[in-house]
Amino acid sequence: MKKYHKYSMLGLKALQRAAVKVAEDAKKNNYKIPVWQNGKIEFVVPEIITNHTGSPDNKVERI
């Protein structure tokens, strides 16, 4: 049984790459980005995460 569709995983990876680039740009230029924290939207300057390992559910069945 398939757990995820191939195109949904490709889309997820593309969104993650885009989010990292936006966070890096915001950090370099001291921009604030909206982030959901404590049940509301807060605007913060992000910290750059350099050692992202992925989600624990990273084992995906391929088609």
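Reader: Which residues of helix 1 are buried?

Author: The buried residues of helix 1 are Met 9, Ala 23 and Ala 26. Buried stands for under 20% relative accessible area, exposed for over 50%, and partly exposed for in between (1.4 Å probe, protein chains only). Before we go on, a word on the source: this is a predicted model, in which local features need pLDDT of at least 70 and side-chain atom pairs count only at pLDDT 80 or more, while totals for chains, interfaces and linings use all residues. Residues are numbered from 1 along each chain as its sequence is written, and side-chain values use heavy atoms, with hydrogens and water left out.

Reader: What do the buried residues of helix 1 pack against?

Author: They pack against strand 1; contact here means heavy atoms within 4.5 Å. As for the general idea, an α-helix has 3.6 residues a turn, so residues three or four places apart point the same way.

Reader: How many helices and strands are there in the protein?

Author: Helices (H or I, at least four residues) and strands (E, at least two) are DSSP runs, numbered from the N terminus. In this protein there are one helix and two strands, and along the sequence they follow the pattern α-β-β.

Reader: What span should helix 1 have, and how far apart are its end C-alpha atoms?

Author: The expected span of a helix is 1.5 Å times one less than its number of residues. For the 24 residues of helix 1 that gives 34 Å, and the end C-alpha atoms are 35 Å apart, which agrees.

Reader: How do strand 1 and strand 2 run, and how many bridges join them?

Author: Two strands pair if DSSP finds at least two bridges between them. Here strand 1 and strand 2 run antiparallel, joined by five bridges. Val 35 has Glu 42 in strand 2 as its bridge partner, and Gln 37 stands opposite Lys 40. The hairpin has two residues between the strands.

Reader: Where should I look for a positive phi in a residue other than glycine?

Author: Try Asn 30, where phi is near 60°. Asn 30 comes just after helix 1, in the loop between helix 1 (6-29) and strand 1 (33-37). With a relative accessible area of 59%, Asn 30 is exposed. Then move on to Asn 38, which is not a glycine either and has a positive phi of about 55°. Asn 38 sits in the loop between strand 1 and strand 2 (40-44), and is exposed at a relative accessible area of 72%.

Reader: Which residues form a nonpolar patch on the surface?

Author: Patches take residues with over 30% relative accessible area and no salt bridge, joining like charges within 9 Å and nonpolar side chains (Val, Leu, Ile, Met, Phe, Trp, Tyr) within 5 Å. A salt bridge is a side-chain nitrogen of Lys or Arg within 4 Å of a carboxyl oxygen of Asp or Glu. In this model, Trp 36, Ile 41 and Phe 43 form such a nonpolar patch, with about 410 Å² of accessible area together. Ile 41 belongs to strand 2 and is exposed, with a relative accessible area of 52%.

Reader: What is the accessible surface of the protein?

Author: Areas come from the Shrake-Rupley method with a 1.4 Å probe; for residues, only the protein chains shown count as cover. The total is about 5,900 Å², of which 57% belongs to carbon and sulfur atoms. Of the 63 residues, 10% count as buried.
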